[in-house]
Amino acid sequence: MSTDRTLSGAQLTSSERELMPKRPSPVRTLTAALLGFALICLDASVVNVALPAIGSSLGAGMSGLQWVVDAYTLPFAALMLSTGAFADRAGASRAFALGTAVFTLASVACGLAPNLPSLIGARVVQGVAAAVVLPASLSLVRQAYPEPARRARAVATWAAGGSAAVALGPVAGGLLTTAWDWRAVFFVNVPVGALILALLVRAPRSERRPAPLDLPGQATAVLALTGLTFAVIEGGTAGWAALAVAVVAAAVFLRVEARGPHPVVPLALFRDRTVAVAVAAGAAVSVAFYSVVFVFSLFFQQVQGLSALRAGLAFLPMTGLIAVTNVVAGKLAGRHGPRLPMLIGQALAVVGLLLLLLYVDAGTPSALVAVLLVPLALGCALTVPPLTAAMMDAVPAERAGLAAGMLNSARQVAGGLGIAVFGTLVSGGFVDGMRLSLAVGAVLLLVTFGLSFRLSGR
C-alpha cells in the first residue's frame, strides 16, 4: 500500500490546510454581482418618486424632469450594445470594478448637484457606468459558477436581485425623499458601491478576451437616439434640427450595420420572425410600464397632493408582485411555450391600461389607483420572461450574448423614448395627457399582441 496521502479534506492536517491557497468564494463574487445589478436597477426607478422634489429644489419644469430620467436611461440603453464586448476585452472583473467606481462617484456628483445641468450631466455618467456594470456583473456570475446547474441557480439569484430593486425603488425613493431630501436617493448608492468594491478585492481576476467593437455603429446609434429624444422633449426649431440629425444618424447606422464586419446590431437577425416579435413586444411592454410609473409618480404628488412617501407606497402593490409573477411566467413558458404567456400577459396589460384610462381622474382615491395599476404590472411581468426565452431559443448559441444585449437595449431605449413622449403629452394638461398616454400604450401592446400569434405554440 502506498504511503502517499490523498489530498482529501479529512486527511489534511491543520498546518497543511493553512499552507494551501484559499479558493475565492463564489458566494462573495455572486453577492458583489447581485448588488451591482440591483444598484443600477434601483437607480432606474428610485428617482421617479423624487422628481417633484427635484423640480421644486432646482427649478425644473417638465422637460427638465424628463431629462433627469432619460439622461440615465438613454446612455445605459445605447451603450449596452457595446459594453459586453468591452467587458470581454478588459476582463469582467476589471470592467465591473471600473463601472461600479464610476457609478458611485457619479452618484456623489448627483447628490451634490447645485443646479439642473450639473445633475443631468452626472446622470449621463451614471448611465454610462451602468451600461458597463450590467454585462460585466453577469459575466462574473458565469465565471464564478462553471457548473451549469449551479450557474443556473446563481443567474436566477442575480436576476431576482434586479427584480427586487425595481420593486423597492419607488418605496425607497419616497422614504428617502421624505425622511431627508431628494439628494438621499443618490447618496444611498455610495455605501453600496463601497461594499461592492470591498467584495471584489478577493474576487478572481477575469481573463481578457478578444472581442470586436463596432465604434461607428455605436456612435451613430447614440447620436440618433439622443437627437430623437431631444426633438420629442424640447420641440420647437431646435427640436426639428435635432430630428433631422437623428434621421441622418439612423440612416448611417443602418448602412454601417448592414456592411460592417462586426455590427452591434446584426440586421439579419430580424429576418427571424421570433426575434422581430420578441424585440417589438419587449419594447411595447417597456413603454407601457416605465412610462406609466413616470407619469403616475407625478400624478400622485402634483395632481393628488400626496407626499413622496405615500406616492412610493402607492406603487408597492404594483411592483411587489413582479418577482413572483416572473417566476410563474417562466414556468408557464417551460410548460406551454412562450406564445401563451406572452398573449395572456399583453392582454392583461392592455386591460390594465384601459382600466386606468376609464376610471382614473384627479379625484380618484389613491388606494383605488394603486389597485388599478396591478393588472398592468402583472401583464408586463408575465410577458418579459417568455419573450426573452423565445429570443434566446431563436438565435445560435454563439450569438446569445449579443441577442440579449440587443433585447435589453431595445427595451431600455423604448422606455426612455416613452418617458419623453408621455412627459410631453402631460405637460399640456395633466389628466388629459395622461389618458392619451395610456391610450398610446394600449395601442402599442395591442399591435404586439397581434404579432405574438405568429410565434410557434411550443
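Helices α11 (residues 273–303) and α17 (residues 374–394) make a good starting point in this predicted model. Their axes come within 9 Å and cross at roughly 155 degrees. Angles over 145 degrees count as roughly antiparallel, and α11 and α17 are therefore roughly antiparallel to each other. The crossing of this pair is left-handed.

Which residues of α11 and α17 meet? From α11 come Thr274, Val275, Ala278, Val279, Ala281, Gly282, Val285, Ala288, Phe289 and Val292. On the α17 side, they meet Leu376, Ala377, Cys380, Thr383, Val384, Leu387, Ala390, Met391 and Ala394. Sorted by class, this contact has 16 nonpolar, 3 polar and no charged residues.

One of the α17 residues in that contact is Cys380. Is Cys380 buried or exposed? Its relative accessibility is 4%, so Cys380 counts as buried. Cys41 also has a value to look at: at 14% relative accessibility, Cys41 counts as buried. As for bonds between cysteines, a search of the whole structure finds 0 disulfides.

A second helix pair is formed by α3 (residues 62–90) and α4 (residues 92–112), with axes that come within 9 Å and cross at roughly 150 degrees. That angle makes α3 roughly antiparallel to α4. Here Tyr72, Phe86, Ala87 and Ala90 in α3 meet Ala92, Arg94, Ala95, Leu98 and Phe103 in α4. By class, the contact of α3 with α4 has 8 nonpolar, no polar and 1 charged residues. Arg94 is the charged residue in this list.

Here are the two pairs together:

| Helix pair | Axis distance | Crossing angle |
|---|---|---|
| α11 (residues 273–303) and α17 (residues 374–394) | within 9 Å | roughly 155 degrees |
| α3 (residues 62–90) and α4 (residues 92–112) | within 9 Å | roughly 150 degrees |

Now for a charged residue elsewhere in the model. Glu257 is found in helix α10 (residues 236–259). How accessible is Glu257? At 3% relative accessibility, Glu257 falls under the 20% cut-off and therefore counts as buried. Leaving aside neighbours within four places in sequence, Glu257 is in contact with Asp214, Gly217, Pro263, Val264, Val265 and Leu267.

Finally, the view of the whole chain. The protein has 19 helices and 0 strands. Of its 458 residues, 50% count as buried. Among contacts with a separation of 6 or more, residues 24 or more positions apart account for 83%.

Methods: Residues numbered from 1 in each chain as written. Predicted model: local features only at pLDDT ≥ 70, side-chain atom pairs only at ≥ 80, totals over all residues. Heavy atoms only, no water. Axes fitted to C-alpha atoms, helices over the stretch in contact; angles between N-to-C directions. Helix = DSSP H or I, 4+ residues; strand = E, 2+ residues; numbered from the N terminus. Parallel < 35°, antiparallel > 145°, perpendicular 65-115°, else oblique. Left-handed = near helix turned anticlockwise from the far one by under 90°. Contact = heavy atoms within 4.5 Å. Buried < 20%, exposed > 50% of the residue type's maximum accessible area, 1.4 Å probe, protein only. Disulfide = S-S within 2.5 Å.
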